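Here is a short set of exercises to work through with the viewer open. Try each task yourself before you read its solution.

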Amino acid sequence: MTAGPGPGDALFDNEDMAAPAPETEAPSAGIVDVAAVDPALSDPDTVAEVVAPQREIATGEGQTLLRTDGLSVRFGGLVALDDVTFEIRRGEILGLIGPNGAGKTTCFNAITGVYKPSGGTVTFDGKPLEKTKRNEITRLGIARTFQNIRLFGEMTALENVVVGTDARHRTSVPGAIFRTARHRREERDAVERGLALLEFVGIAPRAVEKAKNLSYGDQRRLEIARALATEPKLLCLDEPAAGFNPSEKSALMDLIRKIRDDGFTVLLIEHDMRLVMGVTDRIVVLEFGRKIADDLPTAIRENPAVIAAYLGVPDDAAS
Ligand SMILES: Nc1ncnc2c1ncn2[C@@H]1O[C@H](COP(=O)(O)OP(=O)(O)O)[C@@H](O)[C@H]1O
Ligand SMILES: [Mg+2]
């Protein structure tokens, strides 16, 4: 591993990513015609199959995939997550909502091994996640995106996705990118799958554009493609629609539905209550680190505690 890109190389998560790319960016140069690269990818069913090769084997829809039991996280004197118990069932889109500071991201971080819980347990796919390292958790089948976008800005969209593929398959990234003979086969698979993933999320024409030059919305889609590249059983999205206008939000909800329909289970953090109503199967509501409701969207909408939690907190308040 010498000249290959890796963690730390131009990794950024931040405000400059949040700024929309100027309208004047390179016009048609660098636009990838997926159908020309791989004719099979002009068929959406083929794309879906490449994106989720395991989906036919995925059984047990409705069974518990992940369960937290009394999960708590403290930061010094602050209890950010307080004795939270809920489950995520196979094949569902579970919404995790709550006002800013409620503990949503902390909950994600505790599940994905970023924070060590101060109490409680997380069980995933029948296995306790206690003491499981972050990369191991990815391998077990949990992938996530971040509230603040994290991409390799100097790498192309396709390369960013290939890095995600690597987390799962141990394909050599330098091999895939620099085309050594030894890695030709893996390279082909990874690139083909990467392209299918970009097509799936709707940004394949931008495959060879540097991530930093993509529009904000496309960067969010790229993050989702990269998370899906690890072939997760559970995809966790942390406010994927933050900063979107209403039509971008509704397009993103369509994509999330498509992801679920392709066999993935989704945990969706969202601050905007109206947005999750249309896309989730069930919703867990946090307030001040505690779970205050866990119900169907229609019931959540009428729940007095939830309404009270959201009173005085406009939906479009900063995230
Ligand atoms: N790394 C951290 N160190 C200290 N406090 C934190 C940290 N992360 C989150 N918090 C605090 O925990 C609480 C929950 O935060 P967070 O999970 O980010 O909320 P949400 O995602 O629901 O907006 C907030 O009070 C926040 O300030
Ligand atoms: Mg958050």
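**Exercise 1. The shell around the ligand**

Sort the residues of the shell around ligand 1 into nonpolar, polar and charged, then find which element gives the largest share.

*Solution.* Please keep in mind that you are working with a predicted model.

Step 1. Sorting the shell around ligand 1 gives four nonpolar residues, six polar ones and one charged one.

Step 2. To check this, list the members: Phe75, Leu78, Ala80, Gly98, Asn100, Gly101, Ala102, Gly103, Lys104, Thr105 and Thr106. Glycine is counted among the polar residues here.

Step 3. Now place the residues on elements. Strand S3 (78-89) and helix H4 (104-111) are the elements that give two or more residues to this shell. The largest share belongs to H4, with three residues.

**Exercise 2. The helix beside the ligand**

Decide how far helix H4 is enclosed, and look at what the backbone does just after H4.

*Solution.* Step 1. Go through H4 residue by residue: Lys104, Thr105, Thr106, Cys107, Phe108, Asn109, Ala110 and Ile111 are buried.

Step 2. That makes eight of eight, so H4 is largely enclosed by the rest of the structure.

Step 3. Move on along the chain, and just after H4 you meet Gly113, which has a positive phi of about 85°.

**Exercise 3. Reading the sheet**

In what order do the six strands of the open sheet lie, and which are the edge strands?

*Solution.* Step 1. Walking across the sheet gives the order S7-S9-S10-S4-S11-S12, with mixed pairing.

Step 2. Strand S7 (142-144) and strand S12 (290-295) each pair on one side only, which makes them the edge strands. On average, neighbouring strands of this sheet are turned by 20° against each other, direction ignored.

Step 3. Start with the parallel pairs. S9 and S10 are parallel and share five bridges; Leu237 has Leu268 in S10 as its bridge partner. S4 and S10 also pair in the parallel sense, over five bridges, and here Ile97 is matched with Glu270 in S10. S4 and S11 run parallel too, joined by four bridges, with Gly95 opposite Ile283 in S11.

Step 4. Finish with the antiparallel pair. Five bridges connect strand S11 (residues 282-287) to S12. Val284 faces Asp294 in S12, and Glu287 faces Arg290 in S12.

Step 5. Look at the hairpin of S11 and S12: two residues lie between the strands, and Phe288 takes a positive phi near 45°.

**Exercise 4. A covered strand**

Are the two faces of strand S10 covered or open?

*Solution.* Step 1. Recall that in a regular strand the side chains alternate between the two faces of the sheet.

Step 2. Split S10 accordingly: Thr265, Leu267 and Ile269 are on one side, while Val266, Leu268 and Glu270 are on the other. Every one of these residues is buried, and both faces are covered.

Step 3. Six of the six residues of S10 are buried, so S10 is largely enclosed by the rest of the structure.

**Exercise 5. A helix on the sheet**

Find the strands that helix H10 touches, then explain why Met253 counts as buried.

*Solution.* Step 1. Helix H10 (residues 246-261) packs on the sheet and touches strand S4 (93-97), strand S9 (234-238) and strand S10 (265-270). The direction of H10 makes about 155° with that of S10.

Step 2. Follow the connection: S9, H10 and S10 form a right-handed β-α-β unit.

Step 3. Met253 is part of helix H10. Met253 has 20 C-beta neighbours inside 10 Å, so it counts as buried; the cut-off is 20 or more.

Step 4. Beyond its neighbours within four places in sequence, Met253 contacts Leu275, Gly278 and Val279. The C-alpha atoms of Met253 and Val279 are 6.3 Å apart, although 26 residues separate them along the chain.

**Exercise 6. The whole chain**

How many helices and strands does the protein chain have, and what percentage of its residues is buried?

*Solution.* Step 1. The count for the protein chain is 13 helices and twelve strands.

Step 2. Of the 319 residues in the protein chain, 42% are buried.

Step 3. Lastly, take the contacts with a separation of 6 or more: 70% of them are between residues 24 or more positions apart.

How values were computed: Residues are numbered from 1 along each chain as its sequence is written. Chains are lettered from A and ligands numbered from 1 in the order in which they are written. This is a predicted model: local features need pLDDT of at least 70, side-chain atom pairs count only at pLDDT 80 or more; totals for chains, interfaces and linings use all residues. Two strands pair if DSSP finds at least two bridges between them. Axes are lines fitted to C-alpha atoms, for helices over the stretch in contact, and angles run from 0 to 180 degrees between N-to-C directions. Two residues are in contact if their C-beta atoms, placed from the backbone, lie within 7 Å. A residue is buried if 20 or more other C-beta atoms lie within 10 Å of its own, exposed if 12 or fewer, and partly exposed in between; C-beta atoms are placed from the backbone. A crossover is right-handed if, with the strands pointing away from the viewer, the path from the first strand over the helix to the second runs clockwise. A residue is near a molecule or strand if its C-beta atom, placed from the backbone, lies within 6 Å of it.
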